[in-house]
Amino acid sequence: MTDLWEGALIDTRIWHGRRGDVARDFHYRATYLAVPVTGFDAGDLPVAVDSAAVWQLRRRDFGARDGSSLQSFIMGLLEPAGLSDARHVTLVTTPRTSGYGFNPVSFWLCRDDAGDLRAVLAEVSNTFGERHLYLCHRPDLGPITRSDRLTGEKLFHVSPFLPRSGRYVFRFDAGPDRFGAWVDWIGADGAVKLGTSMVGPARAMTPRAIRSAALRRPFQAQRIMALIHWQAAQLFGRGVRYLKKPVQKAVRASDAATLDRGKGS
């Protein structure tokens, strides 16, 4: 059995489903990497770190984005939240491909010594080059289960076709042999306006598997960006109103810690 926490490739199926004014579903596939943050910091991974390759990871793309320790960055967010014991961290993200990088969302999975998932940092980026951090945990700081639904206010402008209002509902399934993340955007009327999911099995992250994935998807990041713009064009063509980007606040970590009663464990 592949252990997601020790490093894995995740062959994901990504879905976005818009509801309300226009109903539209959007599917695509992508291969994500699950990498231990300590291994990333040390450069001890089967995928290239801070060096040229068809598939590569770059420290400056994550955390403080200055090349400093990613472990120190995540602990700097966990410790003030009372989660210092969730120090075993695996980053689920897409690699740079052929020199280009874009991650709509990366997930930092934080577990404790017992192996329980205690927090997830969702690092969300938009196509304007901005990002926001949502720190997801239970209000009681207990283990996050597959049935828990954690809610938090939407504070970051992602799509020009959705307002910066409402709230998110997060749900996670962290392996050990699979990964799943579901994020729904709830409008002011309490209805789901956009549902998203990223789900797939995990397999061993070996040098051979990395080479094979890189040959199969040498322009994955470019394709993701192209698909996002293609879907935007489709929505614009259907008359969906384009919303001007508001002024964003400086990057910070906001909590998404309210347990959705009646749906959580």
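## Buried cysteines, aromatic pairs and a pocket

C136 is buried, its relative accessible area being 0%. The model you are looking at is a predicted one, so please read each value below as computed from predicted coordinates. C110 is another buried cysteine, again with a relative accessible area of 0%. Both C110 and C136 count as buried because the cut-off for that word is under 20% relative accessible area. As for disulfides, the structure holds zero of them.

Let's turn to the aromatic side chains. The count of aromatic pairs comes to nine. Two of these pairs are set out here, with the distance between ring centres and the angle between ring planes.

| Pair | Centre distance | Plane angle | Type |
|---|---|---|---|
| F40 and F62 | 5.8 Å | 75° | edge-to-face |
| F107 and F172 | 5.8 Å | 75° | edge-to-face |

Why is the pair of F40 and F62 called edge-to-face? The planes of F40 and F62 stand at 75°, and planes over 60 degrees apart count as edge-to-face. This pair links distant parts of the chain, with F40 and F62 lying 22 residues apart. F40 belongs to helix α1 (residues 37-42), while F62 sits in the loop between β4 (55-57) and α2 (70-78). Are these two rings buried or exposed? F40 is buried at 0% relative accessibility, and F62 is buried too, with a relative accessible area of 2%.

The pair of F107 and F172 has its planes at 75°, so this pair is edge-to-face as well. Here the two partners are 65 residues apart, and the pair again links distant parts of the chain. F107 comes from strand β7 (residues 105-111) and F172 from strand β11 (residues 167-174). Both F107 and F172 are buried. They also belong to one aromatic cluster, which F107 and F172 form together with Y134, Y168, F170 and F179.

Two tryptophan rings have a charged partner. The charged end of R171 sits over the ring of W182, at 3.9 Å from the ring centre. K154 lies over the face of W185, with 5.0 Å to the centre of that ring.

Finally, a pocket to look for in the structure. The second largest pocket has a volume of about 250 Å³. Which residues are the closest to its centre? They are R65, G101, F102, N103 and S125, out of 17 residues that line this pocket. The lining of the second largest pocket divides into seven charged, seven polar and three nonpolar residues.

Technical notes. Residues numbered from 1 in each chain as written. Predicted model: local features only at pLDDT ≥ 70, side-chain atom pairs only at ≥ 80, totals over all residues. Heavy atoms only, no water. Disulfide = S-S within 2.5 Å. Buried < 20%, exposed > 50% of the residue type's maximum accessible area, 1.4 Å probe, protein only. 1 Å grid on protein atoms, 1.4 Å probe; cavity = no way out; pocket = protein on both sides within 12 Å on 5 of 7 lines; lining within 4 Å. Points joined across faces, edges and corners; volume = space filled by probe spheres on them. Nonpolar A, V, L, I, M, F, W, Y, C, P; charged D, E, K, R; others polar. Phe/Tyr/Trp six-rings, centres within 6.5 Å; stacked < 30°, edge-to-face > 60°. Helix = DSSP H or I, 4+ residues; strand = E, 2+ residues; numbered from the N terminus. Lys NZ or Arg CZ within 6 Å of the ring centre and 35° of its normal.
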